[in-house]
Amino acid sequence: MKRLFEFIGFEPGRFHARWISGSEAQKVVETAKKVTEEVRALGPNKKMRDDRC
Amino acid sequence: MRKGYILKDKLFPWLEAIRAKYPLIAPVQEDGLSLFKEVEKVSDIVLDYGITRMPPKDLFFPQTEKMFRIKNKNNMAVELETPEKITDEQVLFGVHSCDLKSILALDPVFTTRFPDRYYQERRDKTYVIGLSCQKALPTCFCTAYGITPTAYEGADLHLTELGDKYLVEVVTERGERLVAAVPGVVFEGTESLEAEKEKLTAKVAAEIKPVDITGVKEVLDANFELPLWEKWAQKCLGCGICTYVCPTCHCFDINDFNRGDGVGERFRCWDSCMFSDFTRMAGGHNPRPSKKERVRNRFMHKLKYHLDRYNLVGCVGCGRCVQRCPENIDIRAIISDIKGGV
Amino acid sequence: MLKEKIKSTVSSLLENKQVDFVIGYGAGSDAGTVRPTFVKAVEEVQELIWSPFAVNNLAKYVMDHLYENIKIGVIVKGCDSRSVVRLVQDKVFPRENFYVIGVPCKGILDKNKVARDFDLSGEFVDFVEQGDNVVVKTTKGDITIPREKYLMDKCYRCETPTPVVYDVLLGEEIAPFRRDNYEDVKNLESLSVEEKSKYWDKQFEKCIRCYACRNVCSACNCRDCVFDMAEPNWVGKAANLSENTAFHLIRAWHVAGRCVDCGECSRVCPMGIPVNTLNRKLIKDMKELFSVETPGKNPEQGAVLGSFRTDDPEEFM
């Protein structure tokens, strides 16, 4: 999925996919933090915005 | 009807003067496709474009059109904001005679029994400038329906390139308003041009592969079941290409878009009778369950129902469906099969 | 002569009641266009032709006869034969209900390319191969076309000139002689993020949501398509850039691992959107990640995204 998103022009870092088991609480926290940081650094997303109404 | 002319080398300056006053939508080339688009530079306009990939119906009946905005007031009520203005005045330039006729075919659908505010306002505020054809494509057959390559019906002003001049026919009162608002048309000395126009009409019409529709409606009036429908339906993919490139097709769906936070809009969008779910009803029943019923419906509409309802042809012979159907379903061949009683 | 072989093969299939009907090509509106033709009686066989423009993939038409338990003959080229594999593997249509008439093919002429330089407006009469040329006889005269210059783009990278499945092969097997290097995909991959975004935005803006790409695709064989759902409305019907992008991405993902790269989606698009490039990007990536072949090329290869190997890459861990 990531590759196709990037192929049509989403910045790398917009989309993350991670396999996390329910018992890997630490991994959830780390991933959430990482994704938040990376996406925030990219700024507002400009693609596939449906700005109707 | 008043007639005048513009010298060929004065055409683009006149169009530029129009563009300075109104949004000007004209045929351009984009990515190898001919399309009607709003132009920023009149030099982008392509005059010898053959046929546009998409018809001009989008100007009056957009592919997707907002109807009104919806806002949740509280759990019990919504606020509807209908737009005060649908469009500003605009000029549509360069429409060939088949497409001009198609606008006339759409008018009664949206303005008579069920007046449609959105269509009507766009129609009232658009000045349509037609442009006669200088050549016919192998897929053209406007003449089958009594339309000529230089016909002005449907235009407010109609231009025909003849030698070093464009003959300008002022067809409607709206056309008069436009020539008054944007001077440039010379109103004298057009007598010889009219004879030349006749010659051009005959020349281009002769290039058209003849299609004879006499008797077709009568066969369809008398027969709902014909073996040819199954034969042609088998080839059909059930996509929407023919209906979407067709200048007279006008079916639409209405849907709501919910932004998620209590705000949304109701919009309408093109729909196609060729889609399998087009006539599917709540409860699941579908009176046109197979491609045969849907294909039959489409051609009956083009060749009979539109005539029955509005006394206007449902097909204008533009040939776009013939060009674009992925499996080469050709209405001319269907007409021939109908005549042959297949 | 291929046309004669086709006619005699089909006639004998019909006479021996080995099939209920056969799907082949008939003459179309002009010399460069063919039309899918359905033949169920021997008298109708004379409508069948072969043409250097016979581009349409006929395999998917069997989906109009899903629960009838009849046998259908289909004429296929190399690319089309992969669609047969697709339909069989997806359990849409049983292999034993197909009678596959394979035609080895070195490439199909692109009528749009040919029409720029030659007059195809007459009716198709016949054609003959003359060395490197194809001579097409039309009612408006003969046209001599240098074959290699006017093929469909997809033909220049065809790796299966001989159908991968067939019940009868009408001609000599052609060993693969072209390679697919995914140049079209690589060219786009090499653009910057901005350029990629602009390119695809421009393409998806054109989309009129006619669903021809979906309807012609043999990997799009769901009974109820996600895009036809009103409740829930997964992708709205409005034709704006965002919804159009969603449609194309979702369709690419839904056929990922099953698309056989037959190229029909790009051919049928009325707005010239290179739909197939999205699918080919996924095929290229899958080949790199999982060392598989193009789906449908090898009937023994299982579902790419439906099988698991312990050495599969795990970038998401």
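**Exercise 1. Locate Y211(C) and describe its backbone and its burial.**

Solution. Start with position. Y211(C) sits in the loop between α5 (193–206) and α6 of chain C. Helices here are DSSP runs of H or I with at least four residues, strands are E runs of at least two, and both are numbered from the N terminus. Next, the backbone. Y211(C) is not a glycine, yet its phi is positive, near 65 degrees. Most residues other than glycine have a negative phi, and most peptide bonds are trans. Last, burial. Y211(C) has 24 other C-beta atoms within 10 Å, so Y211(C) is buried. The cut-offs are these: buried means 20 or more other C-beta atoms within 10 Å of the residue's own, exposed means 12 or fewer, and partly exposed is in between, with C-beta atoms placed from the backbone.

A note on the model: it is predicted, local features need pLDDT of at least 70, side-chain atom pairs count only at pLDDT 80 or more, and totals for chains, interfaces and linings use all residues. Residues are numbered from 1 along each chain as its sequence is written, while chains are lettered from A and ligands numbered from 1 in the order in which they are written.

**Exercise 2. Find the place of P232(C) and give the state of the peptide bond from E231(C) to P232(C).**

Solution. First, the place. P232(C) is in the loop between α6 and α7 (241–255) of chain C. Then the bond. From E231(C) to P232(C) the peptide bond is cis, and omega is near -5 degrees.

**Exercise 3. Describe chain C as a whole: what are its elements, its spread and its burial?**

Solution. Count the elements. Chain C contains nine helices and eight strands. Now the spread. Its radius of gyration is 20 Å, close to the 20 Å that the globule rule gives for 317 residues, so chain C is as compact as a globular protein of that length. The radius is taken over C-alpha atoms, and the rule is 2.2 Å times the number of residues to the power 0.38. The C-alpha trace of chain C spans about 60 × 45 × 40 Å along its principal axes. Then burial. In chain C, 47% of the 317 residues count as buried. Finish with contacts (C-beta atoms, placed from the backbone, within 7 Å). Among contacts in chain C with a separation of 6 or more, 66% join residues 24 or more positions apart.

**Exercise 4. Describe chain A in the same steps: elements, spread, burial.**

Solution. Chain A has two helices and zero strands. Its radius of gyration is 13 Å, well over the 10 Å that the globule rule gives for 53 residues, so chain A is more spread out than a compact globule. The C-alpha trace of chain A spans about 40 × 20 × 20 Å along its principal axes. Buried residues are 9% of its 53 residues.

**Exercise 5. How many residues of chain C are in contact with chain B, and of which classes are they?**

Solution. Count both sides. 25 residues of chain C contact 28 residues of chain B. Name the elements. β2 (34–39) and α6 (212–216) of chain C give two or more residues each to the chain C side. Sort by class. That side has 12 nonpolar, nine polar and four charged residues. Nonpolar covers Ala, Val, Leu, Ile, Met, Phe, Trp, Tyr, Cys and Pro; charged covers Asp, Glu, Lys and Arg; the others, Gly among them, are polar.

**Exercise 6. At what angle do α7(B) and α9(B) cross, and which residues meet?**

Solution. Take the axes. Helix α7 (residues 227–235) and helix α9 (residues 291–310) of chain B come within 8 Å and cross at roughly 105 degrees. Axes are lines fitted to C-alpha atoms, for helices over the stretch in contact, and angles between N-to-C directions run from 0 to 180 degrees. That makes α7(B) roughly perpendicular to α9(B). The classes are: under 35 degrees roughly parallel, over 145 roughly antiparallel, 65 to 115 roughly perpendicular, the rest oblique. List the residues. W229(B), E230(B), W232(B) and A233(B) of α7(B) meet K291(B), K292(B), V295(B) and R296(B) of α9(B). By class, this contact has four nonpolar, no polar and four charged residues.

**Exercise 7. Is N328(B) buried or exposed, and where does N328(B) lie?**

Solution. N328(B) lies in the loop between α10 (320–324) and α11 (331–339) of chain B. Its phi is positive, about 55 degrees, although N328(B) is not a glycine. N328(B) has 20 C-beta neighbours inside 10 Å, so N328(B) counts as buried.

Definitions and conventions: Contact = placed C-beta atoms within 7 Å.
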